[in-house]
Amino acid sequence: MKADQIIKNAKIFTSNQNNPQATALVVKDGKFVYVGNEAGLKDFEGEVTDLGGKFIMPGIIDSHVHVTIGVAFDHADLGVRFEPNGKQGAMDFMAAYIKEHPGQKCYRFLLERHFLNGEEITKEDLDAVCPDSELILLEGECHSNWVNSKVLKRMEITDDTPDPVPGLAYYVRKDGHVTGNSFETASWPILFDGVNDLTDEQIAASLQRWIDFSKNAGVSAVFDAAFPEHNPIHERMYEILCKLDKQGKLPIYIDGSYVLTRPSKMHEALEEVRRFSRKFNSEHLKVHTLKIFMDGTLKIETAAQVTPYVDTGVTGTTAFKPAQVAEILKSLNEAGLDLHVHTVGAAASRVVLDGVELAQKELGDKYHVKVTCAHLEVQADEDLSRFAKLGVFANYTPWWHNGGGPGILAPMLGEKRATTMYRCKTVWNMGALVAWSSDNVAYGDFTTWSPYLGMEIGMTRTISKKTNVPAYCISPELNPPAEERMNIEEMLLGYTINGAKQLGIEATKGSIEAGKDADFLVFDKDLLTAEHEGFSHNKPTDVYIAGKKVN
Ligand SMILES: [Zn+2]
């Protein structure tokens, strides 16, 4: 057979359990036609490349990212970042800034909530420092914000505006009046208030930046976890991606989704995800998944827990109950669609597992929805084995596994829970399918989108001086438990074949195997023996997607 590409003398990590290591491969018409040793090459004609022992692995699959939110962040003004000491310090800083920069239509600032030392900010406080212009103060993780009266008026947020999900996504009220502080999806329209004005050219330029990064990093497929509260602009961005795909400019495969954030939109979302699945079906962009935002984040205690946060005594609230999850699953089952859920706290993943159990009981053999729980920062002991038992995918975001620095979460979670987070190895060893992701929302310089950063921290649970991140991120103490550190083979499998299974593309991607797309990466360094500290600096020298060199 005449081949397009023949490689010999390589060290190939195939991610194929039946044939884990190989030294030679052959590509024809964008597919692998042979993977094995040099003896098998005699059946193929063509120029042979001797790689001199270089390392090869399959194209990387990042199974939870936010391509479309990244575009929005590319054009969002996050404002002036500052680190005050308490509320008065914050007020003084903003007042001084506004005085120095008079006449702006809107002032935007950003701070981490803990700098307020537990004090509250209200619209009256913000009106006092900024009566004539709009003022938006974002909380660091962008899961909540504070605004003055002018912004509330423009956004038509009044005392009568209902909370999207009481207890999870809501407007803070005092004596029945909104205070200007909002949480989770209630806060998102404020965060991205200019996004609908983006031009097609601006959107396409940002998407191109992401495509270029992915090509160079060797990411050949992703799951896009959508854009909460912004399905219309999300759809417009998918239309642009579709156009790029038809022009042959989208080599990365995007497994897209439609997002549901509140029970009142459940039936609409189940219709809309079906429409999305019919509408977006080009070679590199397909939709077959409903994404649910089940809870929030740890730092602002919107992540839903089984046992309360120790400092406030609250548990947080899940957006849906198990019976609703089961109802959603039955509808998705009928439509042949899948489910992907943001689950940070222990109660969030439990609700999903309970819902799956209910649906499986009712549907028996007819049940075939693929369900993924993403993030899993805190999990209840008794739920760890249920992922394997129920066939639910466990998707972790390993670059978070250093814990964000020592002592940050212990005051909220208590010492024991704060030192038993991210139990990916336990869940892996129990037989569940574990996949890795970066869960990035903002493109920035793409540092944290790097799968090699995820691999490093997944293996070390620390950020050392050698790690490829800005210096302020360094936290060299190991985030316990040490036994939850993964090995390199597990990191590679979770970023390739396991991700492909989660996305439902394992027949064509995820491993170096005859018959599959010829997506593969060549490295000068052997990743299997590379030092863990500083692993994040690795980068492929050559990236092939469907047999074509793209970097
Ligand atoms: Zn996400």
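Which residue stands opposite F55 in β23? That residue is F523. A few notes from going through this predicted model follow.

1. **The sheet around β7.** Let's stay with F55 for a moment. Strand β7 covers residues 55-58 and pairs with β23 (residues 520-523) in the antiparallel sense, with 4 bridges between them. There's also β2 (residues 11-13), which pairs with β7 in the parallel sense over 2 bridges. On that side, F55 has K11 standing opposite. So F55 is a handy residue to click on: K11 is across from F55 in one pairing, and F523 is across from F55 in the other.

2. **The whole sheet.** Zooming out, these strands belong to an open sheet of 6 strands, in the order β3-β2-β7-β23-β24-β25, with mixed pairing. The edges are β3 (21-22) and β25 (548-549); each has a single partner strand, so one side of each has no neighbour in the sheet.

3. **Strand β11.** Now look at residues 134-139. All 6 of the 6 residues in β11 are buried, so the strand is largely enclosed by the rest of the structure. Both faces are covered: E134, I136 and L138 are buried on one side, and L135, L137 and E139 are buried on the other. Note that the list includes two glutamates, E134 and E139, alongside the leucines and the isoleucine.

4. **What β11 pairs with.** On the parallel side, β10 (residues 106-111) is joined to β11 by 6 bridges, and Y107 stands opposite L135. Put helix α3 (residues 123-129) together with β10 and β11 and you have a right-handed β-α-β unit. The other pairing is antiparallel: β12 (residues 144-147) meets β11 over 3 bridges, with N145 as the bridge partner of L138. β11 and β12 form a hairpin with 4 residues between the strands, and C142 in that turn has a positive phi of about 65°.

5. **The zinc site.** Three residues coordinate the zinc ion: H64 through NE2, H66 through NE2 and D439 through OD, at 2.1 to 2.2 Å. Along the chain the donors follow the spacing H-x1-H-x372-D. Both histidines, H64 and H66, are buried.

6. **Helix α9.** Does the length of this helix add up? At 1.5 Å a residue, the 14 residues of α9 (residues 322-335) should span 20 Å, and the end C-alpha atoms are 20 Å apart, which agrees. Its buried residues are V325, A326, I328, L329, S331, L332 and N333. Among the elements covering them are β16 (253-260), α8 (266-279), β18 (285-293), β19 (338-343), α10 (346-363) and β20 (371-375). Right after the helix comes G336, with a positive phi near 70°.

7. **Cysteines.** If you were planning to look for disulfides, the count is 0. C473, for one, is in no disulfide; the nearest cysteine sulfur belongs to C142 and is 15 Å away. C473 is partly exposed, with a relative accessible area of 26%. C242, on the other hand, counts as buried at 9% relative accessibility.

8. **N231.** This asparagine is in helix α7 (residues 231-246). N231 is buried, with a relative accessible area of 13%. Leaving aside neighbours within four places in sequence, N231 is in contact with Y258, V259 and F276.

9. **Backbone oddities worth a look.** Two residues other than glycine come up here for positive phi. E184 has a phi near 50° and lies in the loop between β14 (177-183) and α5 (188-191). E184 is buried, with a relative accessible area of 1%. R461 has a positive phi of about 55° and sits in the loop between α15 and α16. R461 is buried as well, at 0% relative accessible area.

10. **A cis peptide.** Which two residues does the cis peptide bond join? They are P480 and P481, and omega is about 0°. P481 lies in the loop between α15 (451-460) and α16 (488-494), and R461 is placed in the loop between those helices too.

Terms used:
Residues are numbered from 1 along each chain as its sequence is written. This is a predicted model: local features need pLDDT of at least 70, side-chain atom pairs count only at pLDDT 80 or more; totals for chains, interfaces and linings use all residues. Side-chain values use heavy atoms; hydrogens and water are left out. Buried means under 20% relative accessible area, exposed over 50%, partly exposed in between (1.4 Å probe, protein chains only). Two strands pair if DSSP finds at least two bridges between them. A crossover is right-handed if, with the strands pointing away from the viewer, the path from the first strand over the helix to the second runs clockwise. Donors are N, O and S atoms within 2.8 Å of the metal (3.2 Å for Na, K and Ca); water is not among the atoms, so sites may look incomplete. The expected span of a helix is 1.5 Å times one less than its number of residues. Contact means heavy atoms within 4.5 Å. A disulfide is a pair of cysteine sulfur atoms within 2.5 Å.
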